[in-house]
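Biologist: Hey, can you walk me through this one? I'm new to this, so plain words please.

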Amino acid sequence: MGLISYNNLFKLLIDKGIRKTELAQMADISSTTLAKLSKNQYVSMEVLVKICICLDCTFDDIVEIIAEERKVCGGITREE
């Protein structure tokens, strides 16, 4: 499974002058979910949609998937 990064989200917040706690209030997400985002842990699609709506952006603007050295795609393991 690939690793996930929300660094783009936090860069976007800086660019827009929005603090993490403000985002949590705007998007109606819990402090627990905010902590998961800060730790680059998985969150629900619903949370990502709420954030995108609040920030008027797309998933690509806030989420980055970082591939591992070995990746399983469709049951076939391949080297990157």
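Modeller: Sure, and let's settle one word before we start: a residue is called buried when its relative accessible area is under 20%, and exposed when that value is over 50%. Also keep in mind that this is a predicted model.

Biologist: Got it. So which residues are buried in helix α2?

Modeller: Helix α2 covers residues 20–27, and its buried residues are Leu23, Ala24 and Ala27. They sit on the same side of α2, because they cover an arc of only 100 degrees around the axis.

Biologist: What do those buried residues pack against?

Modeller: Three other helices: the buried residues of α2 pack against α1 (7–16), α3 (31–38) and α4 (45–55).

Biologist: Let's take α4. At what angle do α2 and α4 pack?

Modeller: At about 100 degrees, and their axes are 9 Å apart. With that angle, α2 is roughly perpendicular to α4.

Biologist: And which residues meet there?

Modeller: From α2 you have Leu23, Met26 and Ala27, and they meet Lys50, Ile51, Cys54 and Leu55 of α4. By type, this contact of α2 with α4 has 6 nonpolar residues, 1 charged and no polar ones.

Biologist: Okay, staying with α4: which of its residues are buried?

Modeller: Val47, Leu48, Ile51, Cys52 and Leu55. Looking down the axis of α4, you'd find its buried residues within an arc of 135 degrees, so they line one face of the helix.

Biologist: What's on the other side of α4?

Modeller: Met45, Glu46 and Ile53 are there, and they are exposed.

Biologist: And what does the buried face of α4 pack against?

Modeller: The buried residues of α4 pack against α1, α2, α3 and α5, with α5 being residues 59–62.

Biologist: Let me zoom out for a sec. How many helices and strands does the protein have?

Modeller: There are 5 helices and 4 strands. Starting at the N terminus, the order is β-α-α-α-α-α-β-β-β.

Biologist: How much of the protein is buried?

Modeller: 30% of its 80 residues count as buried. Here's another number for the whole protein: if you take the contacts with a separation of 6 or more, 56% of them are between residues 24 or more positions apart.

Biologist: New topic. I noticed cysteines. How many disulfides are in the structure?

Modeller: A search of the whole structure turns up 0.

Biologist: Why is there no bond at Cys52?

Modeller: The closest cysteine sulfur to that of Cys52 is in Cys57, 4.1 Å away, which is too far for a bond. The cut-off for a disulfide is sulfur atoms within 2.5 Å.

Biologist: Are those two cysteines buried or exposed?

Modeller: Cys52 is buried, since its relative accessibility is 9%. Cys57 is buried too, with a relative accessible area of 15%.

Biologist: Next, what happens just after α2?

Modeller: That's where Asp28 takes a positive phi of about 55 degrees. Asp28 lies in the loop between α2 and α3, and its residue type is something other than glycine.

Biologist: Is Asp28 buried or exposed?

Modeller: Exposed: its relative accessibility is 61%.

Biologist: And what comes just after α4?

Modeller: Asp56, with a positive phi of about 50 degrees. Asp56 is in the loop between α4 and α5, and it counts as exposed because its relative accessible area is 72%.

Biologist: Last stop, helix α3. What about Thr33 there, buried or exposed?

Modeller: Thr33 lies in α3, and at 17% relative accessibility it counts as buried. If you leave aside neighbours within four places in sequence, Thr33 is in contact with Val43 and Val47.

Biologist: And Lys36, what is that one in contact with?

Modeller: Lys36 is in helix α3, and leaving aside its neighbours within four places in sequence, it is in contact with Gln41, Tyr42 and Val43. At 34% relative accessibility, Lys36 counts as partly exposed.

Biologist: How many Å separate the C-alpha atoms of Lys36 and Tyr6?

Modeller: 9.8 Å, and along the chain Lys36 and Tyr6 are 30 residues apart.

Biologist: Great, thanks!

Key. Residues are numbered from 1 along each chain as its sequence is written. This is a predicted model: local features need pLDDT of at least 70, side-chain atom pairs count only at pLDDT 80 or more; totals for chains, interfaces and linings use all residues. Side-chain values use heavy atoms; hydrogens and water are left out. Buried means under 20% relative accessible area, exposed over 50%, partly exposed in between (1.4 Å probe, protein chains only). Helices (H or I, at least four residues) and strands (E, at least two) are DSSP runs, numbered from the N terminus. The arc is that of the directions from the helix axis to the C-beta atoms. Contact means heavy atoms within 4.5 Å. Axes are lines fitted to C-alpha atoms, for helices over the stretch in contact, and angles run from 0 to 180 degrees between N-to-C directions. Angles under 35 degrees count as roughly parallel, over 145 as roughly antiparallel, 65 to 115 as roughly perpendicular and the rest as oblique. Ala, Val, Leu, Ile, Met, Phe, Trp, Tyr, Cys and Pro count as nonpolar, Asp, Glu, Lys and Arg as charged, and the others, Gly among them, as polar.
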